[in-house]
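Okay, thanks for making room for me today. I'll put the sequence and the structure up, and then we can walk through some side chains together.

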Amino acid sequence: MIEMHVVRGDNSHLYEAELDQYFRGRYEVYVRERGWKDLERPDGRDIDQFDTEEAVHILAVENKEVVGGRRMNPTTSPTLLSEVFPNASLLPLIRSPDVFETSRLWVARHKRGDRTRPRVESLLHAATMEFALAAGLSKTRTLFETWWIPRFQRIGWKMHPLGLPLKIDGLNCIAVTFEVAESIWVETCVKGSVPGPVLIWHGTTQPAYHLPELAHAVA
Ligand code: COA
């Protein structure tokens with residue numbers, strides 16, 4: 001069974017081994033597989049200036065192995081878009097406690113194209129929307145490669161461009177905001193065979209929120 005953990009500043013001491021795997025997993029995917037040379041480090045971990053105490057990491061863990069993840073940063077602090085790629089947005093970037101920026105979505109290679117449902121990617125999308133609802137976010141934003149657009153459309157995510165597509169290291173990218181809504185979470189879960197809320201808030205404050213079980217609606 002794949003568990004989805006919320007890991008952030010106040011509970012990171014409980015997840016030292018998992019966080020180390022997560023940063024190594026990011027390195028494997030982004031540096032070795034995708035060839036993002038700017039992230040190269042001698043210690044084989046992808047850790048940058050946005051992996052702060054305030055960052056929230058969603059970890060997908062199967063039998064103690066971290067098989068995927070995503071990072072979320074509050075926009076009240078510096079983010080990848082505000083500091084590194086401000087030109088990706090034609091609009092002034094919002095800095096607000098109810099808007100988080102997501103980045104570094106990855107799934108371990110041996111878990112991709114997996115026929116077992118829910119797939120890790122589906123769990124990560126459902127977990128991200130669940131976190132956004134739990135934290136009272138109004139939207140999230142990201143900078144991604146344009147091939148993601150139809151993938152997010154297929155799972156019901158409603159996006160709004162922040163700027164025009166641009167080339168980054170030869171890749172077509174675009175900055176967008178995503179709406180946050182319970183109905184979108186439901187659609188994400190139903191389409192991805194996720195049977196309800198998935199987040200585990202071990203050692204960190206769980207906000208009061210209620211989302212329905214969806215097992216009856218999930219194939
Ligand atoms: N460019 C274009 N399409 C890509 C792609 C890329 N770099 N990476 C994956 N895809 C497409 C595949 O072509 C495939 O399309 P299809 O379903 O129409 O055949 C689909 O995504 C499935 O990809 P796959 O890797 O087999 O499995 P998955 O759906 O379980 O995982 C990812 C998808 C993106 C999560 C996974 O490929 C991954 O972790 N990639 C590395 C991290 C990454 O590139 N993140 C995005 C940074 S913006």
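So, start with R71 and D48: in this predicted model, their side chains meet in a salt bridge, 2.7 Å from N to O. R71 sits in strand 3 and D48 in the loop between helix 1 and strand 2, so this pair ties together parts that are 23 residues apart in sequence. Are these two buried or exposed? R71 has a relative accessible area of 0%, so we call it buried. D48 comes out at 15%, and because the cut-off for buried is under 20%, D48 counts as buried as well. While you're looking at D48, find F23 too: the two are 25 residues apart along the chain, and their C-alpha atoms are separated by 9.9 Å.

Now, which other residues belong to this story? There's a network of salt bridges here that links R26, D46, D48, D51, R71 and R104. Take D46 and R26 from that list: they form a salt bridge, with the closest N and O atoms 2.9 Å apart. D46 is in the loop between helix 1 and strand 2, while R26 is in helix 1, so here the pair ties together parts 20 residues apart in sequence. As for burial, R26 is at 0% relative accessible area, so buried, and D46 is at 1%, so buried too. The general idea is one you all know: side chains of opposite charge can pair when their charged atoms come close.

How many salt bridges does the structure hold? The count is 18. One that I'd set beside the buried ones is R41 with D43, where the side chains meet at 2.6 Å, N to O. R41 has 28% relative accessibility, so it's partly exposed, and D43, with 30%, is partly exposed too.

Okay, on to the ligand. How many residues surround the ligand? There are 14, and the closest are R34, V107, R119, W147 and R151. By class, that shell breaks down into 7 nonpolar, 1 polar and 6 charged residues.

Let me go through some polar atoms there. In R119, an N or O atom of the side chain is 2.3 Å from an oxygen atom of the ligand. In R34, a polar side-chain atom lies 2.6 Å from a ligand oxygen. And for Y30, the partner is a nitrogen atom of the ligand, 3.3 Å from an N or O atom in the tyrosine side chain. How much of the ligand does the protein cover? On its own the ligand has 870 Å² of accessible area, and the protein covers 64% of that.

Which elements build that shell? Those giving two or more residues are helix 1 (16-33), strand 4 (99-107) and helix 4 (148-154). Strand 4 has the largest share, with 3 residues.

Next, the backbone oddities. Most residues other than glycine have a negative phi, and most peptide bonds are trans. With that in mind, look at N63, which isn't a glycine but has a positive phi, near 50°. N63 is in the loop between strand 2 (56-62) and strand 3 (65-74). At 67% relative accessibility, N63 counts as exposed. Then there's S193, again a residue other than glycine with a positive phi, near 60°. S193 sits in the loop between helix 5 (182-192) and strand 9 (199-200), but with 6% relative accessibility, S193 is buried.

And where is there a cis peptide bond? Look from R117 to P118: that bond is cis, with omega near 0°. P118 is in the loop between strand 4 and helix 3 (120-134).

Last stop is the loop between helix 2 (80-84) and strand 4, where you'll find L90. L90 is at 64% relative accessibility, so exposed. Together with L91 and L164, L90 forms a nonpolar patch on the surface, about 340 Å² of accessible area between them. That loop between helix 2 and strand 4 also holds S96. S96 is a contrast to L90: its relative accessible area is 16%, so S96 is buried. The S96 side chain makes a polar contact of 2.5 Å with the side chain of D98.

That's my tour. Happy to rotate to anything you'd like to see again.

Note on methods
Residues are numbered from 1 along each chain as its sequence is written. This is a predicted model: local features need pLDDT of at least 70, side-chain atom pairs count only at pLDDT 80 or more; totals for chains, interfaces and linings use all residues. Side-chain values use heavy atoms; hydrogens and water are left out. A residue is near a molecule or strand if one of its heavy atoms lies within 4 Å of it. A polar contact is a pair of N or O atoms within 3.5 Å; within protein, one must be able to donate a hydrogen and the other to accept it, and residues adjacent in sequence count only if both atoms are side-chain atoms. Accessible areas come from the Shrake-Rupley method with a 1.4 Å probe; for residues, only the protein chains shown count as cover. Helices (H or I, at least four residues) and strands (E, at least two) are DSSP runs, numbered from the N terminus. Ala, Val, Leu, Ile, Met, Phe, Trp, Tyr, Cys and Pro count as nonpolar, Asp, Glu, Lys and Arg as charged, and the others, Gly among them, as polar. Patches are made of residues with over 30% relative accessible area and no salt bridge: like charges are joined within 9 Å, nonpolar side chains (Val, Leu, Ile, Met, Phe, Trp, Tyr) within 5 Å. A salt bridge is a side-chain nitrogen of Lys or Arg within 4 Å of a carboxyl oxygen of Asp or Glu. Buried means under 20% relative accessible area, exposed over 50%, partly exposed in between (1.4 Å probe, protein chains only).
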